[in-house]
Amino acid sequence: IASGNKGAEEPPSMLWGLDPVFSAFARLYIRDILEMTESTQVPGIYFYNLHPISKVDVLGTVVYKREREDFFCYGVDDGTGVINCLCWKRAQLGAAAQGGFDPVAELQKLRRAQRARCRLEIGELLRVRGPVKTSRQQREIKASTYYKVSDSVMAVQISWMMEAPQLYRQCYDKAPHSSKGHDEHLSFRDSAVSSLSRATKILKDFLKQKSVSRFRPYDVQDLLQPLISSPPQAASADQEPVAGPSACQQLRQLLKEALQILQDEGAVYRKVKSQDEVYLVTVQDKDLLVAVKDVIREDSRREKYVEKGCHVLHILSAVRQRYSLNVSRAALELVLKTLECNSDIISTSDSHYTAI
């Protein structure tokens, strides 16, 4: 059993939908569920061998149980490990419909069958399907479906143990690839880097060519549309009808990540962080250029800064106090470079500036 490439970098979320495992209940061994690494992008998503996993399907023996008012808590052991399964009690069945049978007797039968399937004792076999969660640093399954399995001759367990290694060989232990019908497949990370770098370049070129000073995400979203392709629909007995992220969701995610890169590089910034998501192009923001120039001109006259000029960190602190808390050092350095090219300021030494 593969342990899951713990050190590898996780693929960007916009590509998760390309992996059929993402929309399936993964039939992993409990040991691997416990050892999966959680996504740094989206809480509640985990990775096994770079496959994004959100929900699992396990079969095992109940080795401990606790009952609360609203749920049962079962410890399930499949031979590789034990995981806590949170199983909500079924809502009481409502009144039966009127008909040509005894509704009271039928309702009682249903309730007895329901209790028998949902109440398990230690040593009984339980199948659980549901999302994986981490609560108080403990991995657990919050069951969306669970029931007792009657398996007196162990036919179900044998079948399960025969199928699991095949699933690992054919799917889980194989590195995920984007499926576009080519003989040579690109890995998730290579695809991500390519799409993201192209998206970032498209935005940079647009902002430069059009001399844009401010914009909102929907103003530039359509520029990235050619980079998005609809994820393939994979049919499987273990899959739900809903596949991975839609083309629209992929587009929004790609735009979000590209804008984050532009912010990290200082090319754009948000003066005020509010629901109205407005981005300002750093070197086109005349108010920011004036604010930085005023800080340097005023503070470089002070005795403390006359000789060497103002340090970049002092300028950054002053600009954040007087203009916007959201100006990054990367954005400031672009502004300083622009002002120096315009002969508005001069660098007196490394990271020190004074007005001309």
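How many helices and strands are there in the chain? The chain holds nine helices and 15 strands, where helices (H or I, at least four residues) and strands (E, at least two) are DSSP runs numbered from the N terminus. The model is predicted, so that local features need pLDDT of at least 70 and side-chain atom pairs count only at pLDDT 80 or more, while totals for chains, interfaces and linings use all residues. Residues are numbered from 1 along each chain as its sequence is written, and side-chain values use heavy atoms, with hydrogens and water left out.

Of the 356 residues of the chain, 41% count as buried; buried means under 20% relative accessible area, exposed over 50%, and partly exposed in between (1.4 Å probe, protein chains only). Among contacts with a separation of 6 or more, 63% are made by residues 24 or more positions apart, a contact being heavy atoms within 4.5 Å.

Towards the N terminus, three strands form an open sheet in the order β1-β2-β3, with antiparallel pairing. Two strands are taken to pair if DSSP finds at least two bridges between them. Strands of a sheet pair through backbone hydrogen bonds, either parallel or antiparallel. The edges of this sheet are β1 (37-38) and β3 (51-53); each has a single partner strand, so one side of each is left without a neighbour in the sheet. Strand β1 is joined to strand β2 (residues 46-48) by two bridges, and the two run antiparallel. Within this pair, threonine 37 stands opposite phenylalanine 47 of β2. Phenylalanine 47 also serves to place glutamate 35: the two are twelve residues apart in sequence and 9.3 Å apart in space, C-alpha to C-alpha. Glutamate 35 belongs to helix α1 (residues 30-35) and is partly exposed, because its relative accessibility is 33%.

Positive phi values occur in residues other than glycine. Glutamine 137, which is not a glycine, has a positive phi of about 60°. This glutamine 137 is found in the loop between β7 (125-135) and β8 (138-142), and it counts as exposed because its relative accessibility is 83%. Serine 211 has a positive phi near 50° and lies in the loop between α4 (188-209) and β10 (214-215). With a relative accessible area of 46%, serine 211 is partly exposed. Another case is serine 351, with a positive phi near 70°, in the hairpin of β14 and β15, where two residues lie between the strands. Four bridges join strand β14 (residues 345-349) to strand β15 (residues 352-355), and these strands run antiparallel. One such pairing sets isoleucine 346 against threonine 354 in β15.

Helices α7, α8 and α9 were then examined in pairs. The axes of helix α7 (residues 286-299) and helix α8 (residues 312-322) come within 10 Å and cross at roughly 120°. Axes are lines fitted to C-alpha atoms, for helices over the stretch in contact, and angles run from 0 to 180 degrees between N-to-C directions. Helix α7 is therefore oblique to α8; angles under 35 degrees count as roughly parallel, over 145 as roughly antiparallel, 65 to 115 as roughly perpendicular and the rest as oblique. In this contact, Leu288, Val292, Val295, Ile296, Glu298 and Asp299 of α7 meet His314, Ile315, Ala318, Val319 and Arg322 of α8. The residues of the contact of α7 with α8 comprise seven nonpolar, one polar and three charged. Here Ala, Val, Leu, Ile, Met, Phe, Trp, Tyr, Cys and Pro count as nonpolar, Asp, Glu, Lys and Arg as charged, and the others, Gly among them, as polar.

The axes of α7 and helix α9 (residues 329-341) also come within 10 Å, crossing at roughly 80°, which makes α7 roughly perpendicular to α9. Leu288, Leu289, Val292, Lys293 and Ile296 of α7 make this contact with Leu332, Val335, Leu336, Thr338 and Leu339 of α9. By class, the residues of the contact of α7 with α9 are eight nonpolar, one polar and one charged.

For α8 and α9, the axes come within 10 Å and cross at roughly 105°; the two helices are therefore roughly perpendicular to each other. Val312, Leu313, Ile315, Leu316 and Arg320 of α8 and Arg329, Leu332 and Leu336 of α9 make the contact. The buried residues of α8 are Val312, His314, Ile315, Leu316, Ala318 and Val319, and their cover includes α7, β13 (310-311), α9 and β15.
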